[in-house]
Amino acid sequence: MVALLLGAARTFVQRRTKPPVEAGSVVTKTPLRTGGSNQDETAMPHCENFAPIILTGDRPTGPLHLGHYVGTLKNRVAMQRSHRQFVLIADAQGLTDNADNPDRIRRNVIEVCLDYLAVGVDPAYTTICLQSSLSALNELTLFYLNYVTVARLERNPTIKDEIRTRGFGRDIPAGFLCYPVAQAADITAFKATVVPVGDDQVPIIEQTNEIVRRINRQAAREVLPEAKAVVPKIGRLPGIDGERKMSKSQGNAIYLSASRDEIGTAVRRMYTDPGHLRVSDPGKIEGNIVFTYLDAFDPDVDAVADLKASYRHGGLGDIALKQRLEQVLETLIAPIRERRAELARRPDDVIDVLRQGTKTSRFVTQQTLSEVREALGLFILA
Ligand code: TRP
């Protein structure tokens with residue numbers, strides 16, 4: 001799937017016009033560039049009008065970690081020059097299971113934005129926006145709610161799963177049950193056709209497409225495009241405990257802002273092969289999280305293959321193996337950590353990126369809202 005996307009990306013790279021500026025310069029001393037212009041609020045000179053539109057989003061419940069990096073962040077950076085890309089900080093969705101702690105969501109909006117910019121999401125190519133500031137999304141949600149049944153919402157496997165893990169029982173906030181509808185509003189408002197997500201989000205995209213088909217049928221024309229979920233090869237990075245998906249709530253995450261010491265501590269805690277007691281013992285690769293991480297992050301694939309062979313055979317100790325992983329992660333995270341620290345000293349510039357991106361997005365989403373109102377045959381006051 002990723003290969004397919006990258007193939008598509010390459011085709012568009014060949015067709016795209018010259019980029020306005022080199023990407024990655026977000027961390028230079030000059031003000032952060034924010035895209036958009038006065039003539040056309042949605043113009044992105046680096047990509048042509050027929051480039052596919054990508055939307056991804058994150059709930060700002062905490063700073064981002066390596067699971068986010070392999071899941072979507074890496075691809076966002078890779079695809080931003082060849083696609084029209086929007087990234088949504090989904091704070092309204094974050095409230096659906098944090099209604100009693102809105103402060104947590106508010107604080108993390110900037111943290112998440114810093115993570116984006118630090119990994120290389122470049123506002124000259126990617127429009128970063130804030131969900132709760134886009135009122136068209138709420139209006140679309142309200143219309144779409146009429147095209148989905150409560151029974152269908154309750155059948156959504158992701159929602160069922162999340163209701164279980166959050167222990168809601170029958171006391172499910174209505175906003176939570178309906179968040180797939182709000183997410184359908186997000187996706188369609190941007191007319192996104194490519195939505196890179198973790199595998200747990202695939203049922204949400206399916207539900208989006210059902211809503212799209214119902215609206216199109218009602219309007220008797222194709223008002224909205226269907227979207228395709230794109231799941232990266234490593235869609236779900238296990239946490240350092242090796243048992244569950246990496247997540248803040250499980251306390252098994254390595255953050256993109258982790259210090260060298262924090263990386264070292266996390267790697268030392270990592271689960272390997274409990275049967276591998278002496279260096280000379282043969283060890284298991286399967287289920288050995290250190291190798292899972294080396295596969296995900298070590299650019300030297302041949303060296304990792306050699307390490308696997310000698311671990312299996314016996315003679316490679318866990319300590320030496322973990323030292324390599326620690327170095328690999330430090331090499332990945334150190335520049336992100338530095339850029340993040342530099343950007344954190346300029347909060348006004350970061351907020352400016354979000355403000356500009358949200359302004360561009362307001363224009364785009366209002367446009368879609370107008371089209372949907374008209375397509376549904378509402379009385380339009382001129
Ligand atoms: N539900 C997504 C998550 O929990 C976040 C999200 C909100 C999203 N709106 C979106 C993802 C639109 C993709 C497209 O990670």
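A residue is counted as near a molecule or strand if one of its heavy atoms lies within 4 Å of it. By this criterion, the ligand in this predicted model is surrounded by Leu 55, Thr 56, Gly 57, Arg 59, Leu 88, Ala 90, Gln 93, Gln 183, Asp 186, Val 195 and Gln 201. Residues are numbered from 1 along each chain as its sequence is written, and side-chain values use heavy atoms, with hydrogens and water left out. Local features need pLDDT of at least 70 and side-chain atom pairs count only at pLDDT 80 or more, while totals for chains, interfaces and linings use all residues.

Polar contacts (here, pairs of N or O atoms within 3.5 Å) give the shell some handy anchor points for inspection. A ligand nitrogen lies 2.7 Å from a side-chain N or O atom of Gln 93, and a polar side-chain atom of Gln 183 is 2.8 Å from a nitrogen atom of the ligand. For Arg 59, a side-chain N or O atom is 3.3 Å from a ligand oxygen. Of the 370 Å² of accessible area that the ligand has on its own, the protein covers 88% (Shrake-Rupley method, 1.4 Å probe).

Two or more residues of the shell come from each of strand S1 (53-58) and helix H9 (179-189), where helices are DSSP runs of H or I with at least four residues and strands are runs of E with at least two, numbered from the N terminus. S1 gives the most, with three residues.

Turning to helix H14, residues 318-344 make up its 27 residues. A kink of about 35° lies at Ile 333, shortly before the proline Pro 335; the bend is the angle between axes fitted to the seven residues ending at a residue and the seven starting there.

Conventions: The expected span of a helix is 1.5 Å times one less than its number of residues. A polar contact is a pair of N or O atoms within 3.5 Å; within protein, one must be able to donate a hydrogen and the other to accept it, and residues adjacent in sequence count only if both atoms are side-chain atoms.
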